[in-house]
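Trainee: I am new to this structure and would like a close look at one part of it. Please pick a single region, walk me around it, and then show me its surroundings.

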Amino acid sequence: MRPERWQEVREVLDAALALPPAERLVYLDKICSHDPELRSEVESLLESHEKAGSVFLNSPAVDLKSALGEPGLRSTWIGRRIGVYQIEAEIGHGGMGEVYRAVRADGQYKKEVAIKLVRGGYDTAAVLERFLHERQILASLDHPNIARLYDGGTTQERLPFLVMELIEGTPIDQYCDEHELAVNERLKLFTQVCAAVQFAHQRLVIHRDIKPSNILVTADGIPKLLDFGIAKILDPAAKAETTLLRPMTPEYASPEQVRGEAITTATDVYSLGVVLYRLLTGYSPYPESTRTPLEFARAICEVEPTKPSVAVARSSLLEVTPQAHGAAREKTCTRQQRRLKGDLDNIVLKALRKEPSRRYGSVEQLVEDIRRHLQELPVTATPDSVSYRVGKFVRRHAVGVAAVALILVAVAGGIIATARQARIAEANRRRAEARFKDVRKLANSLIFEVHDSIADLAGATAARKLILQRALEYLDSLSKESGNEQDLMRELATAYERVGALQGDPLDPNLGDIKGAAISLKKAVELRESLTRLNPTNNKDQVELAVAYLDFADFRSGILGNIASGLDYNNRAIAILDRVRVADPGNFRVLAQDTRAYTNLGFLHVGNGATGSIGTVKEGIDGLQKALELDHSALQVNPNSIQLRGQESVIILLLGDATSKLGDRRAALEYYRRGAALFRAVDPKGTRANVALNAAVTDGKIADIYLADGRTDDAVAGFRKSREAVLRQAAADPSNQTVKQLIITSTGQLGHALVEGGRIDEGLKYLREAIERIDAEPSLTPLYKIYQSIAHGWVGEGLERKGKNANALTEYEEGKEAITSARAAGANDLRSQVYYCGSTDRLAEALLKSGSPTEARKQFEECRGILEPLLQANPDNEEVLYALAETYTGEGDVSVRLAKGTQQHARNSSDWNAASEWYQKSLNTWSKVRNPAWISTSMIEVRLPAEVSQKLAECRAQRSTKVAMLN
Amino acid sequence: MPSRILRVCLWGDKTLQRGPSNQVTELLVRWRSGDKAALDSLMPLVYTELRRIANRYLQGERSDHTLQSTALVHEAYVRMTEQALPQWQNRAHFFAVAAQLMRQILVDHARSHRASKRGGDVYKLALEDAEEQPKVLDFDIVALDDALKSLALMDEQQSRIVELKFFGGLSVEDTADVLGVSASTVKRDWTTARAWLYRELNRSAAI
């Protein structure tokens, strides 16, 4: 029915229903006299109305309101027993539930407690589990200013409850006002609260919900903190060390809580800041108009708090009593303002900063600043800088700024020109310096703020490139004018590092400008080197140089595939970091960067994916063990570092790779599974792109092991899962180069596993997709060429299985061509050479099959020429052993073919001897490999020793036949 | 073609640009400022999460397919408020979304059972509340859903009213509050819609 028609029908129906039933038909006769259809429609609906009666739909499927306990569903608990406690009176209620006063009623002794009854809606089992988990820790919080948690359980109704020390007191803000405490007295009371929080932090307990109603001051004037750790018990996301905003007053929540980010001790610092703000001004740090929870959430994340000294003026004016007029009022107000202005403004605002890392590093530091203030010593807190605030503005108004940015670039050019001219005239020197500073600030802002703010906007790539390029030009020209001004050099180095990362860091979504990246990173290294020459004793400059070396090493090895050079820079970094670490063992940044350096050392030895290695697996394992050790030390300094927890899993995966290379696939599988579990623990929701990608890589690695063990179906499933996870990330971040690489590898691996499992056409489809994706890349780095080579090899294998030997041969030729050009472009590490030989072996075997043994022999000889010296240099490298053993087997096959005779080559019985020797060499080589698999970790497919022995036996049989015939 | 491990951690771990909960927040803000279409975009986001919760309850359901609606609503509520408490302007808005979600969950549940029976009997959903005996609906909830969709094409508001009252258990006054119309309008629309739906359901059942 059309809506208009329905409106007609329902109007008549409404009118009819309004009439007594007896009159309805008469009414219809009248109103529908020209429209019999309308009449029958309404009549039928009237009939349905009668039949539907009072039952139909009147009993709701879901009763949201009663399910949510509103209103009045709260049955009264007073007089009832919960566990051994008898409820006496309600003493409060809030978002989580109600709090009652209760006494122990089991006759043992009379003790009053507070019982917090958690409102329905919480997952009881989870609350209890967290309670049991936390109980031990909370029981250790024995402090005169902390209310104890005694017990917990569930009521008969399955509602969780917690039993706590009963504190009778007044909320701290109310207490201060009622007792008209002076500012100094308020500060002293507040520092007692801080001491309690600090005590808990030392025991790794974060409160998470500090607010005046949780800080009661007893009649003796002793502040007591309630609910320590309770927020965590009631928080479903607590395990992940993050929280989501609970149904509570958001006024005291920190920005990270509002955003659901990681909770640290800094969260408590923030909430303490809000409490202090209120104690000093009587007001919330956010504007009066902030009323709804939504507005609060936004204000907490975005609005800079009003300075306490300004807020107190507002409050004095607003709250003034009618008796206090004019001069008296002004006087109180200005005196209060003077008292707060400066130190206290700075202290409170530092505690309230939006970014946890910019607040006080600990509650202790906050207390120390207050103490210094009370003793009239200078405090550490200083106001935010202008450029910082400009940056905030830029970040908040990203979209508009993107458009303005380009104009700024042009304007800055003008300022520089004037600045230069102005500097000529000595009279204008000061003005010139001011401009010089402006330009410097602007250039930095372009790189660090403007650029970041538009980085996520679609289609901003061209603007980003221009902004970075111009900003660097400005900084460059400034540095030329200023000579060796060190701060400027540092800024410039940071800028180059930053820009280099954006241009070509393999680990970041980037602009894919590899040449630009090489120049920028090199300049950063040079600047850092000059700085350490100027300040040989400055550890900070040393550490920054080490970090620059590490960035450069990543770039040289990861992007350019130059492992030796990467290792060289990595070792320089390690030398510096190890030295500084010994001098300053608790320095988190040094520990973290040293962890990074040793991890890199590990994979440069072991290899990572198709990225090469120098092939000394055992040394790699040593590096990784050291990295793991350092990672754990760093985690002791900062247990909440998600990065270092992620790093731990990365190291474990690399250990998996290393053990797999040593032939212990079972142990490797264990490592991979452990790594996967750690990734899940770091990021249970899968919101961190790199963690999610690593989890996908891990699935792929587990599938690799399945493939090597012959569990093809499991391997296919694993690769498929891995590929899908990567594609999901690609949807979220399509320009990310790393994701692009992973799509190619996971697609190729899936294709290969399908071919191995006999699903050849499906496999070829994926392999061709992988090749198309590689070909679509604008610039083919050596890494992509290696991928190309492997993929062509696998396609060839699929075609060969379909009997298309000629086509397969073409694929193998293309594969070899790709790896040849990768080597020509600088990929000459051990692994690239092994890949080259793997590809050459395949080609040779195909040539042999096609009836060209002499052509095949040339290829095998070439491999031997590479592999034999390589093995001498790396005697137990498994990748080389696999490749060489397979080459010897191939040589044996060639000799057998020659012995059997071909058109070009007459039968020659001495070839049987030669074949036996080759096969024997192959077996000798195999004897050094532990637990051989049919495919090596470098993806070389081989004939296993058993098959080679068989061939050898056949040769020997042939040889003896010949000998017998001669006799 | 081995994939490389990303050396994630020490140097730049970009979180995804837009997590679902961010989107929820943004959509709620837009909805609140009068963008009616935002609610439509919002539903699938919150729904995915609730669907997961519902599945857990449904897996543990009793053999007579009794759905523990109270438990489900509890958890749904906690999740929804967790996700976006500051953004729920008021209870009315919350209920509007919740009722729509409940409808989707219940209908999907019924539909999957119907599917699993491969076109067999019409599946009748039973609902259990805390203290009451399970009650069995005397009609097919999937058919009701289809009928509501047809009704929405003719009269969006009537369809919404049925959703709020039947799938949310809201009173006439609450429904009026949510939709911003008068209580008498709700009553009239409810009566009309009920008559039409009753006829539709009996028609489809007869076929």
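Mentor: Here is a walk around a small sheet and the helix that packs on it, followed by a look at the wider chain.

First, some ground rules. This is a predicted model, in which local features need a pLDDT (the predictor's confidence in each residue, from 0 to 100) of at least 70 and side-chain atom pairs count only at pLDDT 80 or more, while totals for chains, interfaces and linings use all residues. Residues are numbered from 1 along each chain as its sequence is written, and chains are lettered from A, with ligands numbered from 1, in the order in which they are written.

Now to our sheet, in chain A. Strands 7, 8 and 9 of chain A form an open, antiparallel sheet in the order 7-8-9. Helices (H or I, at least four residues) and strands (E, at least two) are DSSP runs, numbered from the N terminus. The edges are taken by strand 7 (170-171) and strand 9 (223-225) of chain A; each has a single partner strand, so one side of each is left without a neighbour in the sheet. Strand 7 of chain A pairs with strand 8 (residues 215-217) of chain A in the antiparallel sense over two bridges; two strands count as paired if DSSP finds at least two bridges between them. To see this pairing in the structure, start at A:Thr170 and look for its bridge partner in strand 8 of chain A, A:Val217.

Against this sheet packs helix 7 (residues 183-202) of chain A, which touches strand 8 and strand 9 of chain A. Its direction makes about 30° with that of strand 9 of chain A; such axes are lines fitted to C-alpha atoms, for helices over the stretch in contact, and the angles run from 0 to 180 degrees between N-to-C directions. Touching, or contact, means that the C-beta atoms of two residues, placed from the backbone, lie within 7 Å.

How long is helix 7 of chain A? Its end C-alpha atoms are 28 Å apart, which agrees with the 28 Å that its 20 residues should span at 1.5 Å a residue. The expected span is 1.5 Å times one less than the number of residues. After helix 7 of chain A comes A:Leu204, with a positive phi near 65°.

Which residues of this helix are buried? In helix 7 of chain A they are A:Leu187, A:Leu189, A:Phe190, A:Val193, A:Cys194, A:Ala196, A:Val197 and A:Ala200. A residue is buried if 20 or more other C-beta atoms lie within 10 Å of its own, exposed if 12 or fewer, and partly exposed in between, with C-beta atoms placed from the backbone. The cover over these buried residues includes helix 6 (172-178), strand 8, strand 9, helix 10 and helix 15 (363-374) of chain A.

One of those covering elements, helix 10 (residues 265-281) of chain A, deserves a stop. 17 of its 17 residues are buried, so helix 10 of chain A is largely enclosed by the rest of the structure. Its end C-alpha atoms are 25 Å apart, which agrees with the 24 Å that its 17 residues should span at 1.5 Å a residue. Next comes A:Gly282, with a positive phi near 80°.

Let us turn to another pair of strands in the chain. Strand 4 (residues 112-118) of chain A is mostly covered, with five of its seven residues buried. Strand 4 of chain A pairs with strand 6 (residues 160-165) of chain A over five bridges, in the antiparallel sense. Across this pairing, A:Lys116 stands opposite A:Leu162 of strand 6 of chain A. A:Leu117 also belongs to strand 4 of chain A, and 22 other C-beta atoms within 10 Å make A:Leu117 buried.

Finally, the whole chain. Chain A has 38 helices and nine strands, and 48% of its 967 residues count as buried. The chain averages a pLDDT of 79, and 76% of the residues score at least 70. Over residues 236-249 of chain A, however, the pLDDT is below 50, although this stretch has 39 contacts in the model beyond near neighbours in sequence. Among contacts in chain A between residues at least 6 apart in sequence, 63% join residues at least 24 apart.
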